[in-house]
Amino acid sequence: MPERILEVEDLTIDIPVPSGVLHPVQGISFHVDRGETLCIVGESGCGKSLTSLAVMDLLPQKAIRRAARLELDKSSILDIGERPMADIRGNRMSMIFQEPMTSLNPAYTIGNQLAEALLRHRKVTASEARDRAIYLLERVGITAAKGRLGQYPHQLSGGLRQRVMIAMALMCEPDLIIADEPTTALDVTIQAQILHLLAELQDEFHMGLILITHDLGVVARVADRVAVMYAGQIVEKGTAAQIYESPTHPYTQGLLACIPIPGKTERGAHLGAIPGIVPSLVGDMRGCHFASRCPLAHDPCWREDVALTPAASEGHDYRCVLAPDKTAASFDIEAVA
Ligand SMILES: Nc1ncnc2c1ncn2[C@@H]1O[C@H](COP(=O)(O)OP(=O)(O)O)[C@@H](O)[C@H]1O
Ligand code: SF4
Ligand SMILES: [Mg+2]
């Protein structure tokens, strides 16, 4: 029986904005088991980052979070208060952000910051914390780790800083790591290295990993399960094999048409783009959120909210009024130069 690390049920986030109320996350549910990588994918603005911030209880102050269930290791972490949450963050669950400089303090050496991450949560000596920092810096591929301890974040390249962030996230051996677009700010060659490293460490430390990305090419290589988000909702979820071999929601099919898939896409083939833009999330929305961009949209799609329902195989769900065998969308693909 897999060990459930995180259970999120019916998570909703509302943010009051000058023009009304923004509904960036609208009743999403997902889980992560120990030793598993869940990838959350979707276009920019669909609610991925706010979802992860909601799990960490780090939402902007004006945001209102609701959930039927939010459990870490089978205990509720919903509204448990700031003190207990501060004990959990960086300890039992850690987050890696897109831009490491948002989490690293420019005024302290990386040795200090790494050691502090452990000293805060564990009864260890300063020298034990330092030893673990060196071990983890080496483990994330930083050479001459001991010498790096005295350096400041600005003395490191973007790739090295992100490796330091990964080491910092691992200091307390968390049960869960949430990595929000951890490689977007890096060069393409370094992106792949960092993602492989994360996947390797996830396996070695047997943690749960939530990897958030807009890049379905990345997901194909590291995901056990995938949740596809669109305009505040999960529109499809399943194992990586289910999503890549039998994508059922027209949006997922559109996303997959936009990327080269190793072994599937022919050399020289045209890649696509999904025409249109993500709808505004301010105010109430009726019907399928994807209707304004879906080539298969028809009357019923606009009338009623569409529920997540089982697709053709177990553990695979999609949100569309059409039967799974009727959703093969013929995207009017715009060639991307
Ligand atoms: N602090 C905030 N105040 C108001 N709106 C926000 C705030 N943070 C994010 N949003 C809006 O919420 C939506 C979802 O944002 P986000 O979760 O960051 O998307 P993603 O990570 O998928 O790109 C977007 O429309 C974004 O503009
Ligand atoms: S419900 Fe309608 S608009 Fe939405 S994805 Fe399905 S066919 Fe397209
Ligand atoms: Mg984001």
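Where is the place of A199? Select A199 and you will find yourself in helix α7, which runs over residues 188-205. Before going further, keep in mind that what you have open is a predicted model.

**First stop: A199**

Colour A199 by accessibility. With a relative accessible area of 24%, A199 is partly exposed, because the buried class ends at 20%. Now add R221 to the selection and draw a distance between the two C-alpha atoms. A199 and R221 are 22 residues apart along the chain, and their C-alpha atoms are separated by 9.2 Å.

**Step back: the whole protein**

Zoom out until everything fits in the window. Cartoon view should show eleven helices and 13 strands. The radius of gyration is 21 Å, close to the 20 Å that the globule rule gives for 337 residues, so the protein is as compact as a globular protein of that length. If you align the view to the principal axes, the C-alpha atoms fill a box of roughly 65 × 50 × 45 Å.

Switch on the surface next. The protein exposes about 15900 Å², and carbon and sulfur atoms supply 52% of that area. Buried residues make up 50% of the 337 residues. Colour by charge and you can pick out 31 positive and 41 negative side chains; the centres of these two sets lie 5 Å apart. As for how the chain folds back on itself, take the contacts between residues at least 6 apart in sequence: 66% of them join residues at least 24 apart.

**Second stop: helix α1**

Hide the surface and select residues 48-56, which make up helix α1. Is this helix largely enclosed or largely open? Eight of its nine residues are buried, so α1 is largely enclosed by the rest of the structure. Show side chains for the buried ones: K48, L50, T51, S52, L53, A54, V55 and M56. Then move just past the helix to D57, where the backbone takes a positive phi of about 60 degrees.

**Third stop: H23**

Keep K48 displayed and select H23, in strand β2 (residues 20-33). H23 and K48 are 25 residues apart in sequence, and 13 Å lies between their C-alpha atoms. H23 counts as buried, at 16% relative accessibility. Which residues does H23 touch, not counting those up to four places away in sequence? Show I13, D14, L281, G283 and D284 as sticks, and you have its contacts.

**Last stop: an aromatic cluster**

The structure holds three aromatic pairs. For two of them, select Y230 and F290 to begin with. Their ring centres are 5.1 Å apart and their planes stand at 80 degrees, so this pair is edge-to-face. Y230 sits in strand β10 (residues 225-230), while F290 is in the loop between α10 (250-257) and α11 (299-303), which makes this a link between distant parts of the chain, 60 residues apart. Y230 is buried at a relative accessible area of 1%, and F290 is also buried, at 1% relative accessibility.

Now add Y251 to the selection. Y251 and F290 form an edge-to-face pair too, 5.2 Å centre to centre with 65 degrees between the planes. Since Y251 lies in helix α10 and F290 in the loop between α10 and α11, the pair ties together parts that are 39 residues apart in sequence. Like F290, Y251 is buried. Leave the three side chains on screen together: ring pairs link Y230, Y251 and F290 into a cluster.

Definitions and conventions
Residues numbered from 1 in each chain as written. Chains lettered and ligands numbered in written order. Predicted model: local features only at pLDDT ≥ 70, side-chain atom pairs only at ≥ 80, totals over all residues. Heavy atoms only, no water. Helix = DSSP H or I, 4+ residues; strand = E, 2+ residues; numbered from the N terminus. Rg over C-alpha atoms; globule rule 2.2 N^0.38 Å. Buried < 20%, exposed > 50% of the residue type's maximum accessible area, 1.4 Å probe, protein only. Contact = heavy atoms within 4.5 Å. Areas by Shrake-Rupley, 256 points an atom, 1.4 Å probe, with all protein chains shown as cover. Lys, Arg positive; Asp, Glu negative; His and termini not counted. Charge placed at Lys NZ, Arg CZ, Asp CG, Glu CD. Phe/Tyr/Trp six-rings, centres within 6.5 Å; stacked < 30°, edge-to-face > 60°.
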